[in-house]
Amino acid sequence: LSFSWQTTFQDGGEEVEDGAVYNVTLKKVQIQQAANKGARWLGGEGDQLPPEHTVRQYETSKIRAIKAGTLEKLVENLLTAFGDADFSYISIFLATYRAFASPKAVLELLLDRFGNLETSSPGEMANLNSLESEMVLRAEIASVLRAWLDQCSEDFREPPNHTCLLKLLDYLKNNMPNSDMESKVQNLLKQFQNQEVETVDGFCSTSSSDLVDGEELEISNPEEFSSFQDHVVAEQLTYMDVMLFKKVVPYHCLGSIWSQRDKKENKNLAPTVRATITQFNAVTKCVISTVLGTRELKIQQRAKIIEKWIHIAHECRILKNFSSLRAIISALQSNSIYRLKTTWMCVSKDILLMYEELSEIFSDHDNYLTSRELLMKEATSKFANLDSSEKENQKKSQKRLQLQKNKGVMQGTVPYLGTFLTDLIMLDTALQDYVEGGLINFEKRRREFEVIAQIKLLQSSCNSYCLIPDQKFIQWFRRQRHLTEEESYRLSREAEAAADTNILSPKSQKSMVKRISTLFLGTDVITPPKEQTPKSSPAGGSSGESTDSASVSSCEFNHSETEDVCVTPGSSPEDPLKKGSVGSDKGSGSNKGLDSNKGSGSSKCSIFDPGLGSDSGSVPTRDSGLVPCSVPRVLPVYNRQSGGSCIIRVSMDGLHASVYKSILITNQDRIPDVTQRALLKHNLEPDAVEDYELVQVISEDKELVFPRDANVFYGMNSHVNFDFILRKKA
């Protein structure tokens, strides 16, 4: 018979059970088939046949997806989701449950309450005493455990005792003896026991433990650095990035997990994410040390080193390594390097154009839309999709790309992890952890899984790389002594002062410097106090102190925090060969607005501003008291009011003036509500609301003071940055 079918979906509303809320979707399938051979002989099929020659049948099925529930219901749903046609539930749960439960709690529920056939009560599962039901239940539990071991085996790494893994092994011996899964668990236990406590490969570490005996940290030798071919450097950086990115545990990236890393008891939290950040820092600092580390360099020699790093960045682009690409571009846009205007004037025009095109990839315009689209476009492509507006660069790019294709080896894609961390922190800030009745909001976890799935896809693509480590380069990379912010700034001034200041033709421009570190750090944005910000030099071409005042990063406050990204990119030096600036974000609006810390400049933050991370569960409830289970289509964002809500940044005047906290507000919130939440975020007594006033920073010399009972959402100035200060009343 000849068939054709058409599928439609219809919202079936909600189903509420004790301890759970489900979203119901009706799937309706219309099937058409030819009624007889004569009709099919007429030459038509499906919709083309006249009605009298077709038979239509309709099949309707119900898809039930849990929206919110207690932990017990969410674990039970692991066993019933397949029957409810919610086929992705197990993967979503396993990828996100660490935000609201521990592996031990989930395993105990799964094995002791739902998996123990002898003690399960009749009310929990239907017909558990029947042999058939026991077989079905055993198969369902085996399916869940198999998925858990395959997708998240790291959950069972608990040195030195590995309690959960031993419990699972004991369960399998009693209920599924001699099964393949029992063997798998035994092998996993042996693997964990034979390995040392989990540490991430320290490719980027500059600690003495990573150096061969007799080696010391050193400032880069320009001749030694120049001896490495550009494509070799890019391949080795990609090799390091791939090894670290493949080890990233996806749940470490969840906003509720990553935002807790600054607490003393969490200093070892999310080690796989910290390792990628340390590597990013190392690449950035290596660029700076090679450019500035040798005082004796002439202007032309320093320009050649900058050109070499731009070529290396281009090779990273060909290799689809967006992590090291961004690290190099960020370093070249840092205060200490971009202010070297006489050096940039010696960089060739073609290479400046290449640099500008590479910089445009990471433009913050429209929430970094360019880099997002490019990343998704090339996530699963075999090779990079290169396009250049400059003919000579286009020829070089295509030639290098053709060499890669001739090798016949596909390439993976290494993303800039900060983009995903930002999105997950914003989701954690914008969506509630719990809904009405104290149920866990699983719709939030579904939204988070959309980001986690992208990370997993890219991790899988990295298996396509076929790169061999070059120990000579890796050892050189490890030996590099990284300059502090103060050292790099001082060397930058010395290098510029040594040049002929009479040839400085570019107009001075006011640079609003954006801190790259906030793309990783999420919760707090830390800017240096005024007394620690070095004053700009006349040679820097900056206006006032805005250019160099933000160059001191949070690393200088705590040298042990190696996971902080220490580069502050700003405007690139103006190309002396044309009026446009090098590497500027065209149309991005990044040079507008002022940071509330008057001593430093800041660019206008994008929709998913990374400095807006939240502490877990800190999103306030609305005045209605009841938060619906459904997830809003438009999430509240920073610097934009949408859907009756937005996110603002609040700092404390005085002692805590340099630390921001993100607050979600709605069009129902008044001054006392917002003030109380801000005090809680800053770990201050929330009962002291009457002692504080809320102020919006309009500009460097203007503020908007709110009356006591004002509606913050409608009273705020929506045309400037949503930056507020909480100040004690006089």
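The following conversation goes through helix packing, backbone features and cavities in a predicted model.

Reader: Let us start with α2 and α3. At what angle do they pack, and how far apart are their axes?
Author: Helix α2, residues 71-80, packs on helix α3, residues 89-96, at an angle of about 140 degrees. Their axes are 9 Å apart.

Reader: Why is the pair called oblique?
Author: Angles over 145 degrees count as roughly antiparallel and 65 to 115 as roughly perpendicular. The angle here is about 140 degrees, and α2 and α3 are therefore oblique to each other.

Reader: Which hand does the crossing have?
Author: The crossing of α2 past α3 is left-handed.

Reader: And which residues make the contact?
Author: From α2 they are Leu-74, Val-75, Asn-77 and Leu-78, and from α3 they are Tyr-89, Ile-90 and Phe-93. By class, 6 of the contact residues are nonpolar and 1 is polar, with no charged residues.

Reader: What is unusual in the loop between these two helices?
Author: Ala-85 lies in the loop between α2 and α3. Ala-85 has a positive phi of about 70 degrees, although it is not a glycine. Most residues other than glycine have a negative phi.

Reader: Staying with the backbone, where is the cis peptide bond between Pro-159 and Pro-160?
Author: Pro-160 is placed in the loop between α5 (131-151) and α6 (163-175). The bond from Pro-159 to Pro-160 has omega near 0 degrees. Most peptide bonds are trans.

Reader: A different helix pair now. How do α9 and α21 pack?
Author: Helix α21 covers residues 471-479, and α9 packs with α21 at an angle of about 75 degrees, their axes 10 Å apart. That makes α9 roughly perpendicular to α21.

Reader: Which side chains are involved there?
Author: The residues in contact are Val-233, Gln-236, Leu-237, Tyr-239 and Met-240 of α9, together with Phe-473, Ile-474 and Phe-477 of α21. They divide into 7 nonpolar and 1 polar, with no charged residues.

Reader: Turning to empty space, how many cavities of 30 Å³ or more are there?
Author: The count is 8. The second largest has a volume of about 100 Å³.

Reader: What lines that second largest cavity?
Author: Its lining has 12 residues, and Asp-241, Thr-276, Ser-323, Pro-415 and Leu-417 lie nearest its centre. The elements giving two or more residues to this lining are α9 (230-245) and α11 (271-292).

Reader: How does the lining divide by class?
Author: The lining of the second largest cavity has 8 nonpolar, 3 polar and 1 charged residues.

Note on methods. Residues numbered from 1 in each chain as written. Predicted model: local features only at pLDDT ≥ 70, side-chain atom pairs only at ≥ 80, totals over all residues. Heavy atoms only, no water. 1 Å grid on protein atoms, 1.4 Å probe; cavity = no way out; pocket = protein on both sides within 12 Å on 5 of 7 lines; lining within 4 Å. Points joined across faces, edges and corners; volume = space filled by probe spheres on them. Helix = DSSP H or I, 4+ residues; strand = E, 2+ residues; numbered from the N terminus. Nonpolar A, V, L, I, M, F, W, Y, C, P; charged D, E, K, R; others polar. Axes fitted to C-alpha atoms, helices over the stretch in contact; angles between N-to-C directions. Parallel < 35°, antiparallel > 145°, perpendicular 65-115°, else oblique. Left-handed = near helix turned anticlockwise from the far one by under 90°. Contact = heavy atoms within 4.5 Å.
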